[in-house]
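Visitor: Could you take me through one part of this protein up close? I'd like to look at a sheet and see how its strands line up, with a bit of the surroundings for context.

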Amino acid sequence: MCGIVGYVGNRPAAPILLEALRRLEYRGYDSAGMATVSGRLVVRKDRGRIADIDRKLKLVEMPGKVGVGHTRWATHGEPSQVNAHPHVDNAGKIAVVHNGIIENYLEIKKFLQDHGFRFVSKTDTEVVPHLISFFLNKGGNLEESVRRAARRLRGSFALAVISAEEPDKIIAVRQDSPLILGLGSGEIFLASDIPAMLQHTNRVLILENGEMAVLTSDRVVIRKFGSGAEVRREPMVVKWTAEMAEKGGYPHFTLKEIFQQPEAVQDTLRAPPEELRRLAKFLTNARRVYFVACGTSYHAALVAKYALAKLAGFPVEVVISSEFGEIGSVDGKTAVLAITQSGETADTLKAVEAARAAGARVACLTNVVGSSITRMSDLVCCTHAGPEVSVVATKTFAAQVAYLLRLAVEVAAARGRSGPRCRRLASGLKSLPEIMRKNLAELDPRVRRLASRLLRAEHIYLIGRGIGYPLVLEGALKLKEITYIHSEGMPAGELKHGTLALIEEGTPVIAVVPPGGSRVKIVSNVEEVKARGAHVVAIADNGKDLEGHVDELISIPHTEELFSPLLFIIPLQLLAYHITVARGQDPDRPRSLAKSVTVE
Ligand code: F6R
């Protein structure tokens, strides 16, 4: 996730672009840059935070009344000056900023290199200015060339393009990445999100997928970039306060990020297939495989353990990073996958250090390109959830799970096990973001009502089996972190080995019942706790058969068993959030916790 902005009007563009970028910094902050047109194209960009880049390069003083800007969260190519946006064509006349992932960039890059174009960065984005320039050289104008380029791109892209040759306009394009246009008087704004422009205008036009727009100071013309047909759309008026705007209309970043999960999953599923294949090969070539991680990332690793076992018959050992030194049995034939959203967790870095010292090869899965873990790994793999602001991990968990499910499919293929289930899974993954979106909207009010009944609980027990087990661990962690209610997640089969003694009249027990083989058994575990007076809430796949057996039922539409982590985690996250708010606590600032734990 990155942020893009644009301005065309009668005022100096640079201060407006700079302020808009500051408001979008939550979408990414590893590098930033701007391009303006004033007779010629002026481009300034660097690695680092916007304020520091401005101090160094005087972004605010860039000349011109037309410009675009970008704040980056690296996906292809580490954070650096050359990889920062805007990217320009070889003649230095066209500048492009991009949010999203261009899936077929390698193929386009090869095509352009064969036609003599030189590339300087490691980004997917750089193909865009060169491709536009390729079509311009064939005789089209800027709008037509951008349109032809957009039709060649696959993946997700919100683009803003300016040119020194047509200095009075911005061309915007949208496919699967957000893009908003703001209408002022004699000026037009462009941004990835409404907050970036709210101080100037509250009249906005939202570009839809497959559309492009030509912005001049007093006019916006929208067209479908496929057919070229013009689209008429009335602007809408947004009624948001500045604070609401920063959080995208949500009261807390935690809730905003829970709702951003479909986008995080969608972007992560666009990770380059060759990266996944390399990781699958890396793991399957080893004699022993460890996944190391902490907290939420550890729970994502456990989901992967189940998925790899069920789909690929591939065993991995999942170890909490801080315990790895005690039990890791490592040699030159060992592969270690470190899973860490921040890439900075000290326990995980230490585990990796120890593994490397013993001769193991290390891969990492992180959400932060250029983080410490990436510098210690032989193979770097990335989730694309965008920066997570709230302390509790939500959307990065969803992104990790999505990535690891894709990995399970790859590993199955590498082991010659890509049967019909594997193929169903691979194609079904694409529809998951939409199913998640629907679930979020439907579950939120129901879970809020449930939260009002559980908010005074002293203890909450969560039980699950199979792939439901890591989910109850993650659900309990969310509850502990922000509600401060003692919560315990456990395999349902373990109840009778001790914890059952704590279940008495009214004790809340949440049973997570995904589809799959262990369903029958968990239903009898529910009977066990019911018999001792527990107040049982079931979160169940098509839970009709549980009606009458439980006190409350949250039914999730039927899905493939291995997809259930991405759907079943939603009510658990929402429950933690709504209990916290109902108790008058701040979910964004849980006591005693930090986002990155950089000490052992
Ligand atoms: C839970 C949470 C923590 C982190 C853990 C690992 O909401 O945020 O448990 O998951 O500190 O962090 P990363 O993934 O950055 O290594």
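Guide: Take the contacts between residues 6 or more positions apart in the protein chain: 71% of them join residues that are 24 or more positions apart. Keep in mind that this is a predicted model. As for secondary structure, the chain has 19 helices and 25 strands. Its radius of gyration is 25 Å, close to the 25 Å that the globule rule gives for 600 residues, so the chain is as compact as a globular protein of that length. Along the principal axes, the C-alpha atoms fill a box of roughly 80 × 55 × 45 Å. Of the 600 residues, 61% count as buried, while the chain exposes about 22800 Å², with carbon and sulfur atoms supplying 49% of that area.

Now for the sheet you asked about. It's an open one with eight strands, paired antiparallel, and if you walk across it you meet β3-β2-β4-β1-β10-β9-β11-β15 in that order. The walk begins and ends on the edge strands, β3 (40–47) and β15 (236–237), each of which pairs on one side only.

Let's zoom in on the β3 end. The partner there is β2, residues 31–38, and the two strands run antiparallel, held in register over eight bridges. To find your place in the pairing, put your cursor on Ser 31: across from it, in β3, stands Arg 47.

Technical notes:
Residues are numbered from 1 along each chain as its sequence is written. This is a predicted model: local features need pLDDT of at least 70, side-chain atom pairs count only at pLDDT 80 or more; totals for chains, interfaces and linings use all residues. Side-chain values use heavy atoms; hydrogens and water are left out. Helices (H or I, at least four residues) and strands (E, at least two) are DSSP runs, numbered from the N terminus. The radius of gyration is taken over C-alpha atoms; the globule rule is 2.2 Å times the number of residues to the power 0.38. Buried means under 20% relative accessible area, exposed over 50%, partly exposed in between (1.4 Å probe, protein chains only). Contact means heavy atoms within 4.5 Å. Accessible areas come from the Shrake-Rupley method with a 1.4 Å probe; for residues, only the protein chains shown count as cover. Two strands pair if DSSP finds at least two bridges between them.
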